[in-house]
Amino acid sequence: MAAEENNTAAEEINETLETGNNAEQVVLVKERFEIRYDSPLPQLDGNGAKAYEVKDRINPQRSLFALICDNKFPPRLSLLPYLKSLDHPHILKLVEYSPVEYPPQKSRNMALIYRRPDGPKANIFDSDDINLKNNFERFKSLVLSLISACESLRGYNITHRAIPVSYTHLRAHETGRNL
């Protein structure tokens with residue numbers, strides 16, 4: 001099943017929307033998701049992948065972003081169908097994935113479309129507003145969230161390998177974490 005979905009993703013044709021001078025600034029994925037290369041989201045970049053705003057044509061209120069993977073460090077394609085089916089409160093939801101044309105590098109790269117996290121990255125541990133060093137309950141919440149997310153991944157036989165602090169995001173209400 002995973003191989004079949006990978007072949008489908010590889011065969012997916014992405015359309016470049018012609019919008020006057022903004023040709024090649026928007027790419028349509030699976031006739032639904034518009035990746036907007038003119039709207040980068042550097043705060044969501046990670047592991048060599050560049051983040052861009054995504055608009056869902058069917059549900060425009062949905063807050064999404066795409067990570068355009070660097071071809072030097074491609075994603076593990078065999079895991080993408082499992083990650084897409086995974087719905088866990090402490091793991092960012094992978095909504096869709098597909099190879100796309102990437103004009104900045106003049107190449108074809110894998111795009112991973114995720115639900116946008118509720119809050120900022122938690123890699124600012126020295127900040128006064130999220131000081132975990134002096135707040136045991138918040139630190140405990142972070143650790144339990146990480147353990148819960150890792151256990152969920154383990155249920156799919158997925159090994160994360162490493163979870164840097166920069167992969168964690170605060171939630172809007174700051175009671176838990178997204179990974």
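# Briefing on a predicted protein model

Tyr 37 counts as buried, since its relative accessibility is 7%. This residue is a useful way into the structure, which is a predicted model, because Tyr 37 in strand 3 (residues 33–40) pairs with Tyr 52 in strand 4 (residues 50–56) and the pair thereby ties together parts that are 15 residues apart in sequence. The protein has 179 residues, of which 41% count as buried, and its secondary structure comes to 3 helices and 9 strands.

**Overall build**

- Read from the N terminus on, the elements of the protein follow the order α-β-β-β-β-β-α-β-β-α-β-β.
- When contacts between residues at least 6 apart in sequence are considered, 54% of them join residues at least 24 apart.
- The protein exposes about 10,300 Å², and carbon and sulfur atoms supply 50% of that area.

**Aromatic pairs and a ring with a charge over it**

- The count of aromatic pairs in the model comes to 4, and one of them joins Tyr 37 and Tyr 52, whose ring centres are 5.2 Å apart and whose planes stand at 90°, so that the pair is edge-to-face.
- Tyr 52, like Tyr 37, is on the buried side of the scale: Tyr 52 has a relative accessible area of 8%, while the value for Tyr 37 is 7%.
- A further pair is made by Tyr 52 and Tyr 102, with ring centres 6.1 Å apart and planes at 70°, and this pair is therefore also edge-to-face.
- Because Tyr 52 lies in strand 4 and Tyr 102 in strand 6 (residues 94–102), this second pair ties together parts that are 50 residues apart in sequence.
- Both Tyr 52 and Tyr 102 are buried, and ring pairs link Tyr 37, Tyr 52 and Tyr 102 into a cluster.
- Elsewhere, Lys 30 lies over the face of Tyr 97, at 5.9 Å from the centre of the ring.

**Salt bridges**

- The model contains 8 salt bridges by count, and among them is one between the side chains of Asp 56 and Arg 32, with a distance of 2.8 Å from N to O.
- Asp 56 lies in strand 4 and Arg 32 in the loop between strand 2 (26–29) and strand 3, so this salt bridge ties together parts that are 24 residues apart in sequence.
- The two partners differ in their cover, for Asp 56 is buried with a relative accessible area of 0%, whereas Arg 32 counts as partly exposed at 24% relative accessibility.
- Asp 56 also meets the side chain of Arg 62 in a salt bridge, at 3.2 Å from N to O, and Arg 62 is partly exposed, with a relative accessible area of 25%.
- The side chains of Arg 108 and Glu 101 form another salt bridge, with N and O 3.0 Å apart.
- In this pair Arg 108 counts as partly exposed at 36% relative accessibility, and Glu 101 is likewise partly exposed, with a relative accessible area of 37%.
- Lys 30, the residue that lies over the face of Tyr 97, also takes part in a network of salt bridges that links Lys 30, Lys 84 and Glu 96.

**Helix 3 and the loop after it**

- On the surface, Phe 136, Phe 139, Val 143, Leu 144 and Ile 147 form a nonpolar patch, and together these residues have about 470 Å² of accessible area.
- Val 143, one of the residues of this patch, lies in helix 3, which covers residues 136–155, and at 30% relative accessibility Val 143 counts as partly exposed.
- Ile 158 lies in the loop between helix 3 and strand 8 (169–170), and Ile 158 is buried, with a relative accessible area of 7%.
- If neighbours within four places in sequence are left aside, the residues in contact with Ile 158 are Leu 79, Tyr 82, Leu 83 and Leu 153.
- Leu 83, one of these contacts, is 75 residues from Ile 158 along the chain, and the C-alpha atoms of the two residues are separated by 9.0 Å.

Definitions and conventions
Residues are numbered from 1 along each chain as its sequence is written. This is a predicted model: local features need pLDDT of at least 70, side-chain atom pairs count only at pLDDT 80 or more; totals for chains, interfaces and linings use all residues. Side-chain values use heavy atoms; hydrogens and water are left out. Patches are made of residues with over 30% relative accessible area and no salt bridge: like charges are joined within 9 Å, nonpolar side chains (Val, Leu, Ile, Met, Phe, Trp, Tyr) within 5 Å. Accessible areas come from the Shrake-Rupley method with a 1.4 Å probe; for residues, only the protein chains shown count as cover. A salt bridge is a side-chain nitrogen of Lys or Arg within 4 Å of a carboxyl oxygen of Asp or Glu. Helices (H or I, at least four residues) and strands (E, at least two) are DSSP runs, numbered from the N terminus. Buried means under 20% relative accessible area, exposed over 50%, partly exposed in between (1.4 Å probe, protein chains only). Contact means heavy atoms within 4.5 Å. Rings of Phe, Tyr and Trp (its six-membered ring) pair if their centres lie within 6.5 Å; planes under 30 degrees apart count as stacked, over 60 as edge-to-face and the rest as tilted. A charge sits over a ring if NZ of Lys or CZ of Arg is within 6 Å of the ring centre and within 35 degrees of the ring normal.
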